[in-house]
Each structure stands twice: as C-alpha cells, then as structure tokens.
Amino acid sequence: MNLRHPLFSCGFRPFFVLTTASAVLFLAIWLLALQSALPGLDGWRPPGGVLLWHGHELLYGFGMAAVAGFLLTAVPEFTGAAPPRPGVLAALAGLWLAARVAYAAAQWLPGGSGVVLAGVCNLAFVLALLLRLAPALWRDPARSHLGFAWALGALGAAQAGYFTALLRQADALAWLHVGVDLMMILIVLAGSRVSMNVVNGYIEAGRPGAPPPGLAGYVARPPRRHLAVFCIAACSVAQWLLGGGPVTGWTALAAAAAMLNLLNDWHIGKALFTRWALMLYASYWLVALGYGAMGLAWLTGLAPASSGRHVLMAGAMGLSIFTIMSLAGRIHAGRWLDRRPWVPVAAAVLALAGLLRAAAGLPALGAWASWLLLGAGLGWTGVFAAYLWHAWPVLCGPRTDGQQGCAEPLGKQRSPMSRHGTRC
C-alpha cells in the first residue's frame, strides 16, 4: 500500500470513498435480496438475517464511515491538534473494511464465533476512532466539541448491545433503533458547526466573483440545540424502556417540535435561499418529519413507526451526509465548491427517496410498496454513485493549488468546519 498516495493525505478522503461505495453496494444488495435475486448467495444468512444486516451496515457501515471522515478532518481544525498520519488513516480504513467482511462472513464460522469476531472488529474501529479523537477534544480549553466524543462512545455502546443481543438471540433491532437516535444527535451536532459558515456566506466568500459575506445573521444557539438533543435522547430512552406506545409517541412528537424550534435559528431571510443552506435546512426538516411520523404512529396505530424511521435514515442521514461530503470533500481538497446543477438535483432526489421509502410502509399504499421501494432504492444509490463519479478525482487525486494535507483553498473561502463561530 502506497501511504504517499493522495487518498491518505487527509482524514475525509478514504472514508468519503468508503461512504459512497458502501451506499451503492449495500443498497444494491438489499434491493436484490428483496427481489430474491442474489446470484450465488441464495444461502447467505448473516446473523440476525438480511434485514438486520441491512440496518446495521447502513448505520454502522455507511453512516460510521461518513462520521469518521468528518471527525478526522474536523476535530484537528476545531482543536488545533495534529491531523492523523497516513498510516493511521490506512489502519482505520482497514479496520472498517475488516468489520464489514467479518459480519458478512459470520455465518460460516462455527457456533457464535462469527458474531464475536464481527462484534470485535466493529467495536475495535469505534474504539480506535475514539482513542484518536477524544484526547484532542478533551485538551481543547473550551471543550465545546466534547459532545462528539460522547455521541461516538454512545454509538459504540449501542453497537456492543447489538452484537450481544445477536449472540444471545435477543432483540437486536432495539439496539439499532438506539443507534438511529444517536446518529440524529450527531447530525444536529455536526450541522450546528457547519451551518453558520454556510448560511452566513463565509463558505462562498472566496469564490471568484462572489460578494463579500455580510454581517452574521445566523447563529446556532446552544439552548435550542441542547433541547433538540435532549428530546431525541428522551424519545430513545422511552422507546428502549417502554416500546411503542402513548408515552413514547409523545416524546417523539416532543423531539419533532424541538427540531422545528431549532429551525427558527435559520429563518434570517434571503441568506437561507442558497443551495448549501437549503440542503442542511432540509436535513433538519427531515429529522423533524421522521420523529413526527413515529410519534403519530405510536399514538394512533394507523401506520408503522418504521415509516418515520426510514425518513430519518434514508432521508435525513442520507441528505446530511451528502451535503457535508459535498462541502468538506472539496474545500479540504483545495477545490472551489461544485456549483453544477447536479448537486441540488441529487439533494432533492435523496429527500424524495427518503419520503418514498417511508410511503412504502403505509398500509394504504401496500399495492404499490414494491415499486416505491424500488424507486427509493434506485434514487438513493444513483445519487451516491453520481457523487462518487464526480468526486473521485478530488478524493483520490493530488491537490492542484500547491498546498498539502487538509488546508483550505488559497483565497478567502472558509471551510465549512472552520473554527469561526463554532464556540456557540
């Protein structure tokens, strides 16, 4: 392995490649499994079944790869710590790949050893990521970004619960539900760091011909963010302890209301109506819609809660990851932002795919379920395939501005993960 390759020059590069490649591969496998058309894999039965494998790999494969790419790039910038060396990035990427292979092949190992090996590889990746990031977050004098370490550690704990449940043949799906809530909390934490530079125009300031940024009109206010995090956590705890029911339903509606309240920070007028701001804004809306749909499902019983959860996973998680990759994946490679029409079109397709996937679970649309699933899956995989096509030369190629590592482009353009404004 050539550690001098540009792929290992910055934390986001290998993991954004893994994020997009896994999005395409895992969804393709899932769509084929739904059609009972997995050539050569008719006997493939990962522990817990293909359904649990699908949920786990989208959350801890696709989602965690994106989280790793973001944090390995953002934490050094937030805290002033040294960026990870190429060898560290290669080792972390190897652990991520080993975890994917171990789970997929677990059924062919005797007894429960396959589950144990898959769990060890997955937890080793989370632990290695924490060991790399937590010291810098703790040493930062303000410790204003320590929430990332707590959320990452909680995700690791939920994953440990998942594999323990698989080993004991208990309810592993409940642990995935906890993981979904923790991923939504990470989206809120990451979005608050990125959004001030996006909405206030700092991220566009260096683009040739762009006007200088105006006065900061948008501030990600901690009280609203903390309330949203608290309500999402309360909903997660209620579901874990009580299952679906009226109490859990009301906590889900509280989480939806807290997310809508958080959106009030964004309502500053004209500055909101740019592609990057609207993409982040739509991600928060999808989080609110997802919890709202789950709350109504638990209160009324008219629809399955899984429909709302798919709005969170396919919609909110997919769109927020795509948006942050589109921002950080170019700026930290020394490139101007991609202003071609395909970017907002792809964002709209992702949001639509999340809504189609949710609609596929509604009893009233049961006759159309297979077509809705197919449309959602093809749209989702198509967007990430398009991203990989357009971003491959940027992620895997050398910088063209004469700088090294994760430095921002020459000029006035500001990173979406800049320390400007992130103390709020």
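Me: Which helix gives the largest share of the lining of the second largest cavity?

Reply: That is α12, which contributes five residues. Keep in mind that this is a predicted model. The lining has 13 residues in total, and Arg330, Asp338, Trp342, Tyr387 and Ala391 lie nearest the centre. At least two lining residues come from each of α10, α11 and α12. The space inside is about 110 Å³.

Me: What makes the second largest cavity a cavity and not a pocket?

Reply: The difference is whether the probe can leave: in a cavity a 1.4 Å probe fits but cannot get out, whereas a pocket is an open set of points. The space of about 110 Å³ is listed as a cavity, so the probe is shut in there. By class, its lining has seven nonpolar, three polar and three charged residues.

Me: How do you know that aspartate 338, one of the residues nearest the centre of that cavity, forms a salt bridge with arginine 340?

Reply: The test is a side-chain nitrogen of Lys or Arg within 4 Å of a carboxyl oxygen of Asp or Glu. For aspartate 338 and arginine 340 the N to O distance is 2.7 Å, so the pair passes.

Me: Why are aspartate 338 and arginine 340 put in separate burial classes?

Reply: Aspartate 338 has a relative accessible area of 7%, which falls under the 20% limit, so "buried" is the right word. Arginine 340 comes out at 40%, between the 20% and 50% limits, and is therefore partly exposed.

Me: How many salt bridges does the structure hold, and what makes glutamate 57 and arginine 100 one of them?

Reply: There are five. In this pair the closest N and O atoms are 2.5 Å apart, so the 4 Å criterion is met. Glutamate 57 sits in helix α2 and arginine 100 in helix α3 (residues 86-104), so the bridge ties together parts 43 residues apart in sequence.

Me: Are those two partners buried or exposed, and how do you know?

Reply: Both count as buried. Glutamate 57 has a relative accessible area of 1% and arginine 100 has 7%, and the cut-off for buried is under 20%.

Me: Why is arginine 221 called partly exposed, and what is the class of aspartate 265?

Reply: Arginine 221 stands at 40%, which is over 20% but not over 50%, so it belongs in the middle class. Aspartate 265, at 2%, is buried. Their side chains meet in a salt bridge, with N to O at 3.2 Å. This pair links distant parts of the chain, 44 residues apart: arginine 221 is in the loop between α6 and α7 (222-242), and aspartate 265 is in the loop between α8 (246-263) and α9. Together with Arg224, these two residues are linked in a network of salt bridges.

Me: What makes tryptophan 368 exposed?

Reply: Its relative accessibility is 56%, and exposed begins over 50%, so it qualifies. Tryptophan 368 lies in the loop between α11 and α12. Leu362, Leu365, Trp368, Trp371, Leu374 and Leu378 make a nonpolar surface patch of about 620 Å².

Me: And why does alanine 66 count as buried?

Reply: Here the value is 7%, under the 20% cut-off, so the label follows. Alanine 66 is part of helix α2.

Me: What lines the largest cavity, and how is that lining divided by class?

Reply: About 210 Å³ of space lies in this cavity. Its lining has 18 residues, with Val67, Ile187, Ala190, Ile321 and Ile324 closest to the centre. The classes are 15 nonpolar, three polar and no charged residues. Helices α2, α6, α9 (275-300) and α10 each supply at least two of the lining residues.

Me: Which residues lie nearest the centre of the largest pocket, and what is its volume?

Reply: They are His54, Gly55, His310, Met313 and Arg357, out of 27 lining residues. Two or more lining residues come from each of α1 (12-34), α2 (50-79), α6 (173-199), α10 (305-331), α11 (342-359) and α12 (369-396). The volume is about 540 Å³. The lining has 18 nonpolar, seven polar and two charged residues.

Technical notes
Residues are numbered from 1 along each chain as its sequence is written. This is a predicted model: local features need pLDDT of at least 70, side-chain atom pairs count only at pLDDT 80 or more; totals for chains, interfaces and linings use all residues. Side-chain values use heavy atoms; hydrogens and water are left out. On a 1 Å grid over the protein atoms alone, a cavity is a set of points where a 1.4 Å probe fits but cannot get out, and a pocket is an open set with protein on both sides within 12 Å along at least five of seven lines; lining residues have an atom within 4 Å of a point. Grid points are joined across faces, edges and corners, and a volume is the space filled by probe spheres set on the points. Helices (H or I, at least four residues) and strands (E, at least two) are DSSP runs, numbered from the N terminus. Ala, Val, Leu, Ile, Met, Phe, Trp, Tyr, Cys and Pro count as nonpolar, Asp, Glu, Lys and Arg as charged, and the others, Gly among them, as polar. Patches are made of residues with over 30% relative accessible area and no salt bridge: like charges are joined within 9 Å, nonpolar side chains (Val, Leu, Ile, Met, Phe, Trp, Tyr) within 5 Å. Accessible areas come from the Shrake-Rupley method with a 1.4 Å probe; for residues, only the protein chains shown count as cover. Buried means under 20% relative accessible area, exposed over 50%, partly exposed in between (1.4 Å probe, protein chains only).
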